[in-house]
Amino acid sequence: MLPFTDYAAVAGRTAGSVMPENLAVATVLHGAAVLAGATMLRSLLRTYVRLAGSV
């Protein structure tokens, strides 16, 4: 989503349209979502490796 938000911001500024959301807030929310996803993936992989090693 973050690349699409950036593209919409650049294309919107050149076309003179108004963004429907605050770009800074959208960037922070998308960044937090990426960080949360990476944290969940790390947790799942660590659990998988630990369980696979004990079998």
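Helix α2 covers residues 23-54 of this predicted model, and its length checks out. With 32 residues at 1.5 Å a residue, α2 should span 46 Å, and its end C-alpha atoms sit 47 Å apart, so the two values agree.

At the N-terminal end of α2, asparagine 22 acts as the cap. One of its side-chain oxygens lies 3.2 Å from the backbone nitrogen of alanine 24.

The other helix to look at is α1, residues 2-15, which is home to alanine 9. Is alanine 9 buried or exposed? Its relative accessible area is just 5%, and because buried means under 20%, alanine 9 counts as buried. Leucine 23 is 14 residues away from alanine 9 along the chain, yet their C-alpha atoms are separated by 7.4 Å. Leucine 23 is also where helix α2 begins.

Here are the two distances that involve the start of α2:

| Atoms | Separation |
|---|---|
| Asparagine 22 side-chain oxygen to alanine 24 backbone nitrogen | 3.2 Å |
| Alanine 9 C-alpha to leucine 23 C-alpha | 7.4 Å |

Zooming out, the chain has 2 helices and 0 strands. Of its 55 residues, 9% count as buried. The accessible surface comes to about 4,700 Å², with 72% of that belonging to carbon and sulfur atoms.

Key. Residues numbered from 1 in each chain as written. Predicted model: local features only at pLDDT ≥ 70, side-chain atom pairs only at ≥ 80, totals over all residues. Heavy atoms only, no water. Helix = DSSP H or I, 4+ residues; strand = E, 2+ residues; numbered from the N terminus. Buried < 20%, exposed > 50% of the residue type's maximum accessible area, 1.4 Å probe, protein only. Areas by Shrake-Rupley, 256 points an atom, 1.4 Å probe, with all protein chains shown as cover. Expected span 1.5 Å × (residues − 1). Polar contact = N/O pair within 3.5 Å; in protein donor to acceptor, adjacent residues only side chain to side chain.
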